[in-house]
Amino acid sequence: MTEGGKGTMEPYTVPTAPFRPGDEADFGGPWKEQPGDLSRPDPVTCEASETHDHAHGLVRVLGDDDTASGAWNPELDAETLIKGLELMMRLRIFDDRMIKMQRTGKLSFYMRSLGEEAIAIAQTMALDDTDWIFPSYRQPGAQFVRGRDMVSMICHCIGNTEDNIRGRQMPVHYSWKEGYFISISSPVGTQFSQAVGVAMASAYKGDDQATITWVGDGTSAQGDYHYGLNFASVFKPPVILNVVNNQWAISTHRNVATGGENFAARGLAYGIPSFRVDGNDFLALYSVTKWARERARAGKGATHIEVYTYRAGGHSSSDDPSIYRPGDESECWPGGDPVDRLKKHLIEIGAWTEKKDEKLAQQIDDEVMAAYKEACTFGDLANGPYPPASTIFTEVYETVPWHVQEQREELGK
Amino acid sequence: MTEMNMIQSLNSALDSLLDKHDNVVIFGEDVGYFGGVFRVTSGLQEKHGKHRVFDAPLAEGGIAAIAFGMGLNGLRPVAEIQFADYIFPAYDQIVNEIAKLRHRSGGEFSTPVTIRTPAGGGIKGGHHHSQSPEAQFTHTPGLKVVYCSNPRNAKGLLTSAIECNDPVIFFEPKRCYRGPFYGDPHNVPTWKGHEDGDVPEGYYALPLEEARVVREGSACTVISWGTMVHVAQKGIEESGIDAELIDLQTLLPWDRDTVVNSVNKTGRCVIVHEAPKTSGFGAEMSASIQERCFWHLEAPIERVTGWDTPFPHTTEWDYLPSPGRIAAAIKKTQEV
């Protein structure tokens, strides 16, 4: 039954990743899709069918020559662009520092956003400050946009006495109500359909709040992804539904998540306007998200977005991608690097220099180190102090019931 | 016999069954090329072919449903759910479909699915990489539920689970993949040199539904499964009491005779599990033991369990039953 064995035909198709260690990754050269290829329909009147080309093409703004053009150019001023660059750099430098801490035993676990920094940063910048963020573990960067204190974030990752979720979840599973950033859960995809409920509640209450959520290409195989699209299709609440197609779900290539080539176009079957966006193009991501926000504000319902990108790092600190993909595959990605591309654009328009960039990177690194040191004053991983054992028993219910109280007394801490 | 850790012994069981039975297929998230996030299926795709060992889409409900269908139509599917915490999207397929097919069809159809899943705490996994949801499945007629504790019984029991014509949920204590765990996170041995790290090569089966007496004793019966077998062993040492230790191995249907005979002999009983206390499998055992052993019991049955709270991250050593808590419970049974 194996190839070359009893027969030459596989009994059913088991996809193989296009490139494995030892192969030369080749994505077919630069994108064929160019900025200016696609129109920008009216977000209020747009029907799903009008986005057929957008779901099958690729929305781009930043060209290969680092200039911005086309109908989707959001025409952002230099100050906003520099802010975006600074936030992406902050996320990357923060992640670098944290992964180093993990490697030296100072954090138990970590997950980086490497190569995907533009997603959480550009998309959150395109929203109102009080819109709900319902992230997966790959969008902690949204917190930087909303100004969360890095000390607080690191305290959570250590799980020390100042962890606002009291050492209850693994690192990177942030929760930050003040920033409208909803608690991250490990089971993948659950947030996607829940976000539709959050958006329905906003509509019910008459709040002008949209909800944004993300899943990965792998997770789009889960029922929750399809529940979310279907409920959004029926009830048309103000929600922005993203599939981050970063090519990999741990070791599993996206060709196991779908037998088709395209994630965005699935939304069309649900009657939801759908876009495929270059996920390493800060401006395109910002612009499409702004479009979706305008549509949500007009009461016209959901937008479905495939964010087309590449997971440049491992799935997590527990993962070693060199076992299952070529080591240089990310460097071959035609979309390049999101931070580098925005930097080059800013230099191209004369608003930025390499010297300023280096200075800013150093400044951020110093801030991250200072934040890490301050966070450790509330307890480090090796020595604590940690949240007291009594926190095991609190907030299980609104008030502690008798049986939980008895167990707390039995532990005696 | 070969020295193996639990990952190697599980791999060896799967390898031998792929060799022995043409209809065994293995799938789950990352189990194919990569060989699983815990490497239990490492090398099997390369050796046995990609249609026999393959990556599934990231959808536990789909994985269980595909297993149902394959098993119904003559295959012997072995599905991996990457962490037991992620089994719940598959719960409907397991509880309402896989478990009930034989009964609902008047015996016309059945599906010999095995679902392997790493379970339990002790790896700093927080809420969603630490739970031990055996009781959610022991409450489901039609399933068999197995919980291995060492490399040897992991291999022997997995072999029998896969060859069993009823569906089996097979829990693997991930804390013990690379070594036994005695409750001290700062002193974690490997399986090297442990008698249960000596595992037969090739085909090797151990019977389901039989408990294992780990240590004979006269003063108290301690019953456990998974990682807690080793922690209980340490707890018995700390107590200084001559307790008998039973590794239950199969939870549904469980080996009542071995347990009842032991409790009738010792007159005292402590049940240890890491899952929460309320409606944990210890509750079922305690009820059954008092039904059968009431006139032999010298003290109330004690349960040492995880607390009735979500599993924590930072404070997991205060959550899991410790040797100290187990020793205290054993001593308490002696005070009456």
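Two strands are said to pair if DSSP finds at least two bridges between them. The exercises below apply this to a predicted model.

**Exercise 1. Determine how strand 9 and strand 11 of chain B are joined, and in which direction they run.**

Step 1. Count the bridges: three of them join strand 9 of chain B to strand 11 (residues 243-247) of chain B, and the two strands run antiparallel.

Step 2. Find the partners, residue by residue. B:R215 has B:L245 of strand 11 as its bridge partner, while B:R212 is matched with B:D247 of strand 11.

Step 3. Turn to strand 10 of chain B, which is joined to strand 11 of chain B by five bridges and runs parallel to it. One of the residue pairs here is B:C220 with its bridge partner B:A243 in strand 11.

**Exercise 2. Place these strands in their sheet, and state which strands lie at the edges.**

Step 1. Write down the order: five strands of chain B form an open sheet in the order 9-11-10-13-14, with mixed pairing.

Step 2. Look for strands that pair on one side only, which are strand 9 (212-215) and strand 14 (302-306) of chain B, the edge strands. From one strand to the next, the twist averages 25 degrees.

Step 3. Add the helix that packs on the sheet: helix 10 (residues 281-293) of chain B touches strand 10 (220-224), strand 13 (269-276) and strand 14 of chain B, and its direction makes about 155 degrees with that of strand 13.

**Exercise 3. Decide whether strand 11 of chain B is largely enclosed or not, and give the reason.**

Step 1. Recall the cut-off, by which a residue is buried if 20 or more other C-beta atoms lie within 10 Å of its own.

Step 2. Apply it to each face of strand 11 of chain B: B:A243, B:L245 and B:D247 on one side are buried, and so are B:E244 and B:I246 on the other, which leaves both faces covered.

Step 3. Conclude that strand 11 of chain B is largely enclosed by the rest of the structure, because five of its five residues are buried.

**Exercise 4. Describe how helix 1 and helix 7 of chain B are arranged relative to each other.**

Step 1. Two packed helices are described by the angle between their axes and the distance between the axes.

Step 2. For helix 1 (residues 6-20) and helix 7 (residues 151-163) of chain B, the axes come within 8 Å and cross at roughly 30 degrees. Helix 1 of chain B is therefore roughly parallel to helix 7 of chain B, since angles under 35 degrees count as roughly parallel.

Step 3. Complete the description with the handedness of the crossing, which is right-handed. Residues making the contact include B:L10 and B:L17 of helix 1 and B:L158 and B:I162 of helix 7; by class, the contact has eight nonpolar, three polar and two charged residues.

**Exercise 5. Establish whether A:V59 is buried or exposed.**

Step 1. Locate A:V59 in the loop between helix 1 (52-56) and helix 2 (78-103) of chain A.

Step 2. Count its surroundings: A:V59 has 29 other C-beta atoms within 10 Å and is therefore buried.

Step 3. Identify some of its contacts beyond four places in sequence, among them A:L38, A:W72, A:F275 and A:V288.

Key. Residues are numbered from 1 along each chain as its sequence is written. Chains are lettered from A and ligands numbered from 1 in the order in which they are written. This is a predicted model: local features need pLDDT of at least 70, side-chain atom pairs count only at pLDDT 80 or more; totals for chains, interfaces and linings use all residues. Axes are lines fitted to C-alpha atoms, for helices over the stretch in contact, and angles run from 0 to 180 degrees between N-to-C directions. Helices (H or I, at least four residues) and strands (E, at least two) are DSSP runs, numbered from the N terminus. Angles under 35 degrees count as roughly parallel, over 145 as roughly antiparallel, 65 to 115 as roughly perpendicular and the rest as oblique. A crossing is left-handed if the near helix is turned anticlockwise from the far one by less than a right angle, and right-handed if clockwise. Two residues are in contact if their C-beta atoms, placed from the backbone, lie within 7 Å. Ala, Val, Leu, Ile, Met, Phe, Trp, Tyr, Cys and Pro count as nonpolar, Asp, Glu, Lys and Arg as charged, and the others, Gly among them, as polar. A residue is buried if 20 or more other C-beta atoms lie within 10 Å of its own, exposed if 12 or fewer, and partly exposed in between; C-beta atoms are placed from the backbone.
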